[in-house]
Amino acid sequence: MFAHRGLTGCRAGCFLLLVVALLGCSAASMPSDRPTRLSDAAVAFAGVAPTPPMGWDTWNSYGCTIDAGIVERAADAMVSTGMRDAGYRYVIVDDCWFATQRAENGALQGDPVRFPDGMAALADYVHARGLKFGIYESPNAQTCAQLGGTYPGNTGSLGHERLDADTFAAWGVDYLKYDWCSTESDLTAQVGAFTRMRDALRATGRPIVYSINPNSGVVQTPPGSRYDWSGIATMWRTTNDLHPGWELDAGETQGQGVREVLDATCPLVGRQGPDHWLDPDMLVVGVPGTPGTPYPGLTPAEQRTNLGMWAMLSAPLIAGNPLTFTSAATANLLTDAGVIAVDQDPLAAPAEAIPGTDEKAWRRTLSDGSIVVALINRDDVAGRITVPRTALALSDSKNYVAQNLWDGRSTPLDHEIAAEVAAHDTVLLRISG
Ligand code: GLA
């Protein structure tokens, strides 16, 4: 699935990433860094996503080999593994679901062999399990698989926006992933195309989460990191595709690993909030990698960093592991109630790098007044991370308890936080008075 798309080593992109990383993860550290807002609308769709959307998407494990049975079994597994009850609600059918030709009236249709009962029937199946239904399209002539030549046809939404939005609404779609998929990345054209579908979705009257990726195919710095898309979409991708590895060293316009996506996304915190979320791409927890490549699959420590830091960033949690053979360890991690509560905290306060910690320690305030501290070790060897209590902005006169969100253990907070953190691992502590 994770086609190695010309990973040509570190060039200009690495320098830029380094500069971006040095800017810091604290919104307070970059007041002059406000991005250009691309729309006058406050948010694209008020009320569709008061907290970051959670779900599961076909792409990372199945790519173009999807069919109705896979999606149905995934929906069943969302229920049986406890993912639905943990908060994962959207079942998203990514690229390659459609027939390669539109119907006579111009409407999109599911591939007749792989989705013989049609997409509305599949949406019904998903809805009957207490889940919501998502689907994929592109604003250009071709979807990304079509552009890349791995799927035939030209069935992007270009010129069909109203009809496609109406079709999706009639099928019961609750979430649209709309993926740029073109090397033509003129900003005016992007804003026009993404706004056209926003307006078409609005006109249906159906509440639909609108998830966009303005980066795919684009050869410059990803537009998802350069602009504020909050008036156009419910969530927007900040980088190109996240692969199940730590570091691909391929440059920002190619696929990236967990560390690189974090380095690109953390300087953007503060741009997100209810109904407008920064999307550092789908989780790769439990997604099989390719041995011998820079994306061999995540170690358990890297999986904790993927989920834990996405939660710190209030990122959408869209899993992509093969649900029908989710291991107990993957299921336990993905359904960790304490970490999901951090992600879904309604305050959605931006995480801030704690000054003086070289961005190894982050802090975020939750709506009940407690704080979460993340200790992230980006190094390849284990290391000790310490944070003095005075750096946490806590009351001097109160006693606090620090609960480790991975093992549930609580210890009284002393004059400092100190932890031995394994390579690429993240320790999450919830500190309450
Ligand atoms: C792009 C997106 C991926 C996936 C594929 C489908 O690469 O970023 O998430 O949707 O297209 O072709």
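The shell of residues around the ligand divides into 5 nonpolar, 1 polar and 6 charged residues, in a model that is predicted. Around this ligand the protein covers 96% of the 310 Å² of accessible area that the ligand has on its own, and oxygen atoms of the ligand are approached by side chains that include those of Asp-94, Asp-95 and Asp-241. The protein is divided into domain 1, which spans 31-343, and domain 2, which spans 352-432.

**Ligand surroundings**

- The residues that surround the ligand are Trp-59, Asp-94, Asp-95, Tyr-136, Cys-144, Ala-145, Lys-177, Asp-179, Asn-213, Arg-237, Asp-241 and Met-282.
- Two elements, α6 (144-147) and β5 (175-179), each supply at least two residues of this shell.
- The side chain of Asp-241 places an N or O atom 2.5 Å from an oxygen atom of the ligand, while a polar side-chain atom of Asp-94 lies 2.7 Å from an oxygen atom of the ligand.
- For Asp-95, the distance between an N or O atom in the side chain and an oxygen atom of the ligand is 2.7 Å.

**Domain arrangement**

- The centres of domain 1 and domain 2, taken over C-alpha atoms, are separated by 31 Å.
- Between the two domains, 23 residues of domain 1 are in contact with 19 residues of domain 2.

**An open antiparallel sheet**

- An open sheet is formed by 6 strands, which follow the order β11-β12-β13-β18-β15-β16 and pair in antiparallel fashion.
- At the edges of this sheet stand β11 (352-353) and β16 (410-412), each of which pairs on one side only.
- Within the sheet, strand β15 (residues 401-404) runs antiparallel to strand β18 (residues 426-432), and 4 bridges join the two.
- In the pairing with β18, Val-401 stands opposite Ser-432.

**The loop around Thr-326**

- Thr-326 is found in the loop that lies between β10 (317-319) and α12 (328-334).
- A polar atom of the Thr-326 side chain lies 3.2 Å from the backbone oxygen of Leu-323.
- When its neighbours within four places in sequence are left aside, Thr-326 is in contact with Asn-321 and Ala-331.

Key
Residues are numbered from 1 along each chain as its sequence is written. This is a predicted model: local features need pLDDT of at least 70, side-chain atom pairs count only at pLDDT 80 or more; totals for chains, interfaces and linings use all residues. Side-chain values use heavy atoms; hydrogens and water are left out. A residue is near a molecule or strand if one of its heavy atoms lies within 4 Å of it. A polar contact is a pair of N or O atoms within 3.5 Å; within protein, one must be able to donate a hydrogen and the other to accept it, and residues adjacent in sequence count only if both atoms are side-chain atoms. Accessible areas come from the Shrake-Rupley method with a 1.4 Å probe; for residues, only the protein chains shown count as cover. Ala, Val, Leu, Ile, Met, Phe, Trp, Tyr, Cys and Pro count as nonpolar, Asp, Glu, Lys and Arg as charged, and the others, Gly among them, as polar. Two strands pair if DSSP finds at least two bridges between them. Domain bounds come from an automatic or database domain assignment. Contact means heavy atoms within 4.5 Å.
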